[in-house]
Each structure stands twice: as C-alpha cells, then as structure tokens.
Amino acid sequence: MKRILLIGGGVVILALIGFFASRNYFLRQPKQTSSPIQSSSPTVSWQLREGNIWKATGTPPACPDPLVIATPVDVSKVTAILYPGQPREDAFKAHGAFRFSSQTDNSAVVKVPMDAELVRGSRAFREGENQYSFEFIAPCGIWYSVGHLLELDPKFLAIANKLPLIEGFQKQQIYDVDPPVSVKQGEVIATAVGYAKTHNVVVDFGVLDLRHKNGVTLRPEWSKYQNELDEYGVCWLDLLSTEDRDHLRSLFGSGDSVTGTKSDYCHYPENK
C-alpha cells in the first residue's frame, strides 16, 4: 500500500497513498499525487525530504511525554487484533486492526484517539456497501488512520459526502479534506464498521510517528515487502494505556491466520 506525504496543523503537502481499497484490509495501491491544501490558519507542516526523512517546516509543538493515545474502540468488545508491522496479502502492513467476532451486527463505536486534524478521506461504494476511511495528523507529528468504516457520525458523514465517490477500483483511492478539519479526542467517528453483508466486523487502525524513523530492521523473509514509509510505523499497542494494551495482547492467539502474532514493530515474546 502506498502511503502519503501528509502534514499536521493545517496544510496537506503533496501526498502519496493508496488506502483501505479492499475488503481484505489495507491492500497496497498505486502511487498517486494530490494538490496542496491551504488551511485558513496554517501552523506547521510535515514534508518527506530527500533520504526518506520527514521534516517539519516550522517548530511543531511537543508531543506528550510519555506519548499515550486513547484506544479508538471499546476493547472489551474486541475478540482479536491484527498486529501492525507484519506482511498480509501482498504487502508489509504498518497498520493493524480490531475484530469484533462476537457482535450480532456490525455495531462498533470508533472514536478519535488524539487531538488532530482530519486531512484526507475516502468514500467508496463496493459490493453494495459504503466504505469510509480517514487519515489524521496531530501537529506534533503523529499520523493515524482508521478504515473499513460502515456508518459514520453526522459530522464525519458530512465531510465524507463532499469527497468523490469511488466505485470499484480507481487509481486514486483517497482525497484531501479541504480545508482540514480539527478533531478532538473522544469524538465519535463511526458507529458501525466492516462489511454487513458478510458480517465481517473489523476496523483498521494505523499509526506513524513522523518525528523519526522507527529503527526497525525487518526479518529477512519480510524485507521484500517493505515500503519507504514503513520506516515510520509504530506498534500502536505500546501507545495505549497499560490496561488496554495488556488486554489486547491477551488475545494474541487469534491474530492473522497466516502471519499470526509475528510483528517486527511489537517486541513481545508472543511476536517472535
């Protein structure tokens, strides 16, 4: 999956991404470009420079230290997770996902995990169902995304309805939100996720830390899948509260059916 060149605080610089385009969670898409967005009150922007280095164009605010973000879903209803930092399908995946296999319907509330700006989104209609995804940037340099959203809160539905509708497969899968929209931790983004027709109740979640590379060396058998922006992906489990992280780790036995719990981002004994 091709990622993006995004900014925080109000300006979206040239972007490269294909995103949430398949029912099989985050399949990699062709590289694409997007015109810049100028916010009415730009503060700081993030650009990908030569050598695959992200730089802020101004002085960004400091991220919380330690960095802790709210879990975007109710962990008590999660039955399994997909770990970030592992290959799935035909690509290395910097993101993971939450699954809700015990739900009788596709209801699952997804909330904003960290104050940020909504900078890009996708509105698709595939196999008779709506599918939405969003990307956010916190001004301090934390990028996060949510995908496979089925029913949106009115605020986010109004934003999505202004985006081009994607039907089937198109080269461009995600579009700038112009101007970016400020969001606050705890705001409801969606009330249902996944695919209702097949009762696949899942929401994708990914986090990049644009402030520095993650220093991860992929195990040799996975290195062929790596994309240049995977160097900024993080194990978002480590950014959750200790209670939520430990609960989700206790579900490790039911991860991806092929890769399982193996992860080059999450350094836990069960991920070896």
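**Figure 1. The stacked ring pair of F136 and Y144.** Both F136 and Y144 are buried in this predicted model. The ring centres of F136 and Y144 lie 4.9 Å apart with their planes at 15°, so the pair counts as stacked. Stacking is assigned here because planes under 30 degrees apart meet the criterion for that class. Ring pairs also join F136 and Y144 with F134 and F156 in a cluster. In total, seven aromatic pairs are counted in the structure.

**Figure 2. The edge-to-face pair of W54 and Y232.** The rings of W54 and Y232 form an edge-to-face aromatic pair, with 6.3 Å from centre to centre and 85° between the planes. This pair links distant parts of the chain, 178 residues apart. W54 belongs to strand β2, whereas Y232 is found in the loop between β14 and α2. W54 is buried, with a relative accessible area of 5%. Y232 is likewise buried, and its relative accessible area is 2%.

**Figure 3. The largest nonpolar core.** This core contains 64 residues. The residues with the most contacts inside the core are F98, F134, F136, L149, F156, L237 and L248. At least two core residues come from each of several elements, among them β7 (107-111), β8 (116-126), β9 (129-138) and the helix α1 (154-160). Strands β12 (175-183), β13 (188-193) and β14 (202-209) are also among the elements that each supply at least two. The largest share, six residues, is provided by β10, a strand that spans residues 142-152. In soluble globular proteins, nonpolar side chains tend to be buried together.

**Figure 4. The disulfide of C63 and C140.** A search of the whole structure finds two disulfides, and this view shows the one formed by C63 and C140, whose sulfur atoms are 1.9 Å apart. The link of C63 and C140 is right-handed, with 95° about the S-S bond. C63 lies in the loop between β2 (53-56) and β3 (80-82), and C140 lies in the loop between β9 and β10, so the disulfide ties together parts that are 77 residues apart in sequence. With a relative accessible area of 10%, C63 is buried. C140 also counts as buried, at 6% relative accessibility.

**Figure 5. The disulfide of C235 and C266.** The sulfur atoms of C235 and C266 are 2.0 Å apart and form a disulfide. The link of C235 and C266 is right-handed, with 100° about the S-S bond. Because C235 sits in the loop between β14 and α2 (242-249) and C266 in the segment after α2, the pair ties together parts that are 31 residues apart in sequence. Both C235 and C266 are buried. When the bonded cysteines are counted along the chain, the disulfides of the protein follow the pattern 1-2, 3-4.

**Figure 6. Strand β6 and its antiparallel partners β3 and β14.** Strand β6 comprises residues 96-99 and is joined to β3 by three bridges, the two strands running antiparallel. Within this pairing, I81 has F98 of β6 as its bridge partner. F98 also appears among the residues with the most contacts inside the largest nonpolar core. Four bridges join β6 to β14, again in an antiparallel arrangement. One bridge to β14 pairs A97 with D204.

**Figure 7. V119 in strand β8.** V119 is located in strand β8. V119 is buried, with a relative accessible area of 0%. From C-alpha to C-alpha, V119 and Y175 are 8.6 Å apart in space, although 56 residues separate them in sequence. The strand β8 supplies at least two residues of the largest nonpolar core.

**Figure 8. The protein as the setting for the close-up views.** The secondary structure comes to two helices and 14 strands. Of the 272 residues in the protein, 57% are buried. Among contacts with a separation of 6 or more, 73% are between residues 24 or more positions apart. The protein exposes about 11200 Å², of which carbon and sulfur atoms supply 51%.

Terms used: Residues are numbered from 1 along each chain as its sequence is written. This is a predicted model: local features need pLDDT of at least 70, side-chain atom pairs count only at pLDDT 80 or more; totals for chains, interfaces and linings use all residues. Side-chain values use heavy atoms; hydrogens and water are left out. Buried means under 20% relative accessible area, exposed over 50%, partly exposed in between (1.4 Å probe, protein chains only). Contact means heavy atoms within 4.5 Å. Accessible areas come from the Shrake-Rupley method with a 1.4 Å probe; for residues, only the protein chains shown count as cover. A nonpolar core is a set of buried Ala, Val, Leu, Ile, Met, Phe, Trp, Tyr and Cys residues joined through side-chain atoms within 4.5 Å. A disulfide is a pair of cysteine sulfur atoms within 2.5 Å. Two strands pair if DSSP finds at least two bridges between them. Rings of Phe, Tyr and Trp (its six-membered ring) pair if their centres lie within 6.5 Å; planes under 30 degrees apart count as stacked, over 60 as edge-to-face and the rest as tilted.
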